[in-house]
Amino acid sequence: MGLKGLIDMNIEKKKFLKSLGFGREVSIVADCKCPLCADRVNTEEFKNEIFIKEFERSGLCQGCQETVFGYRVAW
Ligand SMILES: [Zn+2]
């Protein structure tokens with residue numbers, strides 16, 4: 001996939017999130033900030049790839065994912 005494909009994919013994702021009412025949060029995620037606590041997200045803080053995948057979807061940091069999902073996704 002070239003750069004164009006990646007950009008298209010990003011636009012689709014943003015459209016999808018905006019359609020869910022996450023317009024403001026999307027701009028925060030683009031800035032590498034968690035939409036819940038507005039902390040800068042460091043990918044090294046994630047415990048495993050499941051959290052990283054979720055971060056790529058929702059932009060939530062490790063702490064907020066644990067709060068939101070109640071550890072369900074972790075194990
Ligand atoms: Zn957070």
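**Helical fold and the surroundings of Cys61**

Read from the N terminus onward, the chain follows the pattern α-α-α-α. The model is predicted. It contains four helices and zero strands. The chain has 75 residues, of which 15% count as buried. Among contacts between residues at least 6 apart in sequence, 33% join residues at least 24 apart.

Cys61 was examined next. This residue lies in the loop between helix 3 (49-58) and helix 4 (62-69). Cys61 counts as buried because 25 C-beta neighbours lie inside 10 Å, and the cut-off for a buried residue is 20 or more. With residues up to four places away in sequence left out, Cys61 touches Cys34, Cys37, Asp39, Val41 and Glu45. Cys32 lies 29 residues from Cys61 along the chain. The C-alpha atoms of Cys61 and Cys32 are separated by 9.5 Å.

Cys61 also belongs to the largest nonpolar core. This core has six residues. Its other members are Cys34, Val41, Phe51, Phe55 and Leu60. Two of these members, Cys34 and Val41, are among the residues that Cys61 touches. In soluble globular proteins, nonpolar side chains tend to be buried together.

Phe51, another member of the core, has contacts of its own. Not counting residues up to four places away in sequence, Phe51 touches Phe46, Gln62 and Gln65.

Technical notes. Residues numbered from 1 in each chain as written. Predicted model: local features only at pLDDT ≥ 70, side-chain atom pairs only at ≥ 80, totals over all residues. Helix = DSSP H or I, 4+ residues; strand = E, 2+ residues; numbered from the N terminus. Buried ≥ 20, exposed ≤ 12 C-beta atoms within 10 Å, placed from the backbone. Contact = placed C-beta atoms within 7 Å. Core = buried A, V, L, I, M, F, W, Y, C linked by C-beta atoms within 7 Å.
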